[in-house]
Amino acid sequence: MGIVKAVCISEKKGTQKQDVGKVQVIEDFGFANDAHAGKWHRQVSLLSYEKIEEFKARGAEIEFGAFGENLVISGYDFRKLPIGTKFQCNDVVLELTQIGKECHHGCQIFQKMGDCIMPREGVFCKVLKGGNIQTGDLFMIKEA
């Protein structure tokens, strides 16, 4: 079982996301007011809290949302889960659709640190059922 540590959005693409504490999640779309939401397979991005903390221990001065992640979740190593894994948080149901992504190497984190964890640690989901998510909520793998 996991815990939601941060809920992040950005209103414009190409900007870092900001932790807003809570969000409305829209079925087959993503987070309300998030620039990356839409009718595609990467509606919501997840990143492990533990992986962010490991990166910060290497000297990175970053806030939640810096990697472009929508949700920071403690308790899971997302890259070890198979595509198709379903998650539940309150009424919200997400389905894992992609693990990692190609990095454009131009991000501020990569320029400063010579590395960025999102391309290998971040995962993406589509929204099967909407609802609300806020910091502190339980986040779990949904049993079939």
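What share of the 144 residues in the protein chain do buried residues make up? They account for 48% of the chain. Please keep in mind while reading that this is a predicted model.

**Overall layout**

The secondary structure consists of three helices and eleven strands. Followed along the sequence, these elements give the pattern β-β-β-β-β-α-β-β-β-α-α-β-β-β. Of the contacts between residues at least 6 apart in sequence, 70% join residues at least 24 apart. On the outside, the protein chain exposes about 7,400 Å², with carbon and sulfur atoms supplying 48% of that area.

**The nonpolar cores**

Let us turn to the interior. The largest nonpolar core has 23 residues, and those with the most contacts inside it are Leu46, Leu71, Phe78, Phe87, Leu94 and Phe139. The table lists the elements that give two or more residues to this core, among them these five strands.

| Strand | Residues |
|---|---|
| S1 | 2-9 |
| S6 | 71-74 |
| S7 | 86-89 |
| S8 | 92-99 |
| S9 | 123-129 |

Strands S3 and S5 also give two or more residues to this core. Apart from it lies another core, made of twelve residues, including Ile52, Ala66, Phe67 and Val72.

Leu94 is a good place to start exploring the larger picture. Leaving aside residues up to four places away in sequence, Leu94 touches Val44, Leu46, Leu71, Thr85, Lys86, Phe87, Cys125, Lys126, Val127 and Phe139.

**Leu47 and strand S5**

Leu47 belongs to strand S5, which spans residues 44-48. Is Leu47 buried or exposed? Its relative accessible area is 0%, so Leu47 counts as buried. Leu47 and Leu71 are separated by 24 residues in sequence, and their C-alpha atoms lie 6.4 Å apart in space.

**Strands S3 and S10**

Strand S3 (residues 22-26) runs antiparallel to S10, and four bridges join the two. Within this pair, Gln24 stands opposite Asn132 of S10. Strand S10 itself covers residues 131-134, with Gly131 and Ile133 on its covered face and Asn132 and Gln134 on the uncovered one. In a regular strand, side chains alternate between the two faces of the sheet.

**A nonpolar patch on the surface**

Which residues form a nonpolar patch on the surface? They are Met1, Ile3, Leu138 and Met140, and together they have about 360 Å² of accessible area. Leu138 sits in strand S11, residues 138-141. Leu138 counts as partly exposed because its relative accessibility is 39%, a value in between the limits of 20% for buried and 50% for exposed.

Key
Residues are numbered from 1 along each chain as its sequence is written. This is a predicted model: local features need pLDDT of at least 70, side-chain atom pairs count only at pLDDT 80 or more; totals for chains, interfaces and linings use all residues. Side-chain values use heavy atoms; hydrogens and water are left out. Patches are made of residues with over 30% relative accessible area and no salt bridge: like charges are joined within 9 Å, nonpolar side chains (Val, Leu, Ile, Met, Phe, Trp, Tyr) within 5 Å. Accessible areas come from the Shrake-Rupley method with a 1.4 Å probe; for residues, only the protein chains shown count as cover. A salt bridge is a side-chain nitrogen of Lys or Arg within 4 Å of a carboxyl oxygen of Asp or Glu. Buried means under 20% relative accessible area, exposed over 50%, partly exposed in between (1.4 Å probe, protein chains only). Two strands pair if DSSP finds at least two bridges between them. A nonpolar core is a set of buried Ala, Val, Leu, Ile, Met, Phe, Trp, Tyr and Cys residues joined through side-chain atoms within 4.5 Å. Contact means heavy atoms within 4.5 Å.
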